[in-house]
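Open the structure in your viewer and keep the sequence panel beside it. The tour below says what to select at each stop and what is there.

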Amino acid sequence: MAQAHRLDCEKEAADCRFIIQSENEDEAIELAKNHMRDVHGQDYTNDELRREHMETV
Ligand SMILES: [Zn+2]
């Protein structure tokens, strides 16, 4: 069964209920990166997102 990569933004910012989930890790990271920058004004590198913010479900 394929695993999905997920970023649950509610864990990062209490007032944001945005969830990204994709089986394509590159896509999930790209979406997470755009969301963090556009909505939260925070710039993360792909590595930071992958290691510290994304989970595999
Ligand atoms: Zn958010």
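Two strands pair if DSSP finds at least two bridges between them. Helices (H or I, at least four residues) and strands (E, at least two) are themselves DSSP runs, numbered from the N terminus. This is a predicted model, in which local features need pLDDT of at least 70 and side-chain atom pairs count only at pLDDT 80 or more, while totals for chains, interfaces and linings use all residues. Residues are numbered from 1 along each chain as its sequence is written.

**Stop 1: the whole chain**

Show the protein chain as a cartoon. The protein chain has two helices and three strands, and from the N terminus on the order of elements is β-β-α-α-β. Its radius of gyration, taken over C-alpha atoms, is 10 Å, close to the 10 Å that the globule rule (2.2 Å times the number of residues to the power 0.38) gives for 57 residues, so the chain is as compact as a globular protein of that length. Along the principal axes, the C-alpha atoms fill a box of roughly 35 × 20 × 15 Å.

How much of the protein chain counts as buried? The share is 16% of the 57 residues. A residue is buried if 20 or more other C-beta atoms lie within 10 Å of its own, exposed if 12 or fewer, and partly exposed in between, with C-beta atoms placed from the backbone.

**Stop 2: the sheet**

Select the three strands. They form an open sheet in the order β2-β1-β3, and the pairing is antiparallel. β2 (19–22) and β3 (55–56) are the edge strands, each pairing on one side only. In general, strands of a sheet pair through backbone hydrogen bonds, either parallel or antiparallel.

Now select β1, residues 5–8. Four bridges join β1 to β2, and the two run antiparallel. On the β2 side, Asp8 stands opposite Ile19. β1 also pairs with β3 in the antiparallel sense, over two bridges, and Arg6 stands opposite Glu55 in β3.

Turn on the side chains of β1. Which of them point to the buried face? His5 and Leu7 point to one face and are buried, while Arg6 and Asp8 point to the other and are not.

**Stop 3: a residue in β2**

Select Ile20, in strand β2. Ile20 is buried, with 23 other C-beta atoms within 10 Å. Two residues are in contact if their C-beta atoms, placed from the backbone, lie within 7 Å. Not counting residues up to four places away in sequence, Ile20 touches Arg6, Leu7, Ala28, Leu31, Ala32 and His35. Measure the distance from Ile20 to Arg50, C-alpha to C-alpha: the two are 30 residues apart along the chain and separated by 13 Å.

**Stop 4: the helices**

Select α1, residues 25–40. This helix lies across β1 and β2, running at about 165° to β2. Axes here are lines fitted to C-alpha atoms, for helices over the stretch in contact, and angles run from 0 to 180 degrees between N-to-C directions.

Add α2, residues 46–53. The axes of α1 and α2 come within 10 Å and cross at roughly 100°. That makes α1 roughly perpendicular to α2 (65 to 115 degrees; under 35 counts as roughly parallel, over 145 as roughly antiparallel and the rest as oblique). Which residues make the contact? They are Ile29, Ala32 and Lys33 of α1, and Asn46, Leu49, Arg50 and His53 of α2.

**Stop 5: from α2 to the last strand**

Select Met54, in the loop between α2 and β3. Met54 is buried, with 20 other C-beta atoms within 10 Å. Leaving aside neighbours within four places in sequence, Met54 is in contact with His5, Arg6, Leu7, Ala28, Ile29, Ala32 and Leu49. The C-alpha atoms of Met54 and Cys9 are separated by 9.5 Å, with their positions 45 residues apart along the chain.

Move on to Thr56, in strand β3. Is Thr56 buried or exposed? Thr56 is exposed, with 10 other C-beta atoms within 10 Å. Thr56 touches Gln3 and His5, not counting residues up to four places away in sequence.

**Stop 6: a loop**

Finish at Ala13, in the loop between β1 and β2. With 13 C-beta neighbours inside 10 Å, Ala13 counts as partly exposed. Ala13 and Glu55 are 42 residues apart in sequence and 16 Å apart in space, C-alpha to C-alpha.
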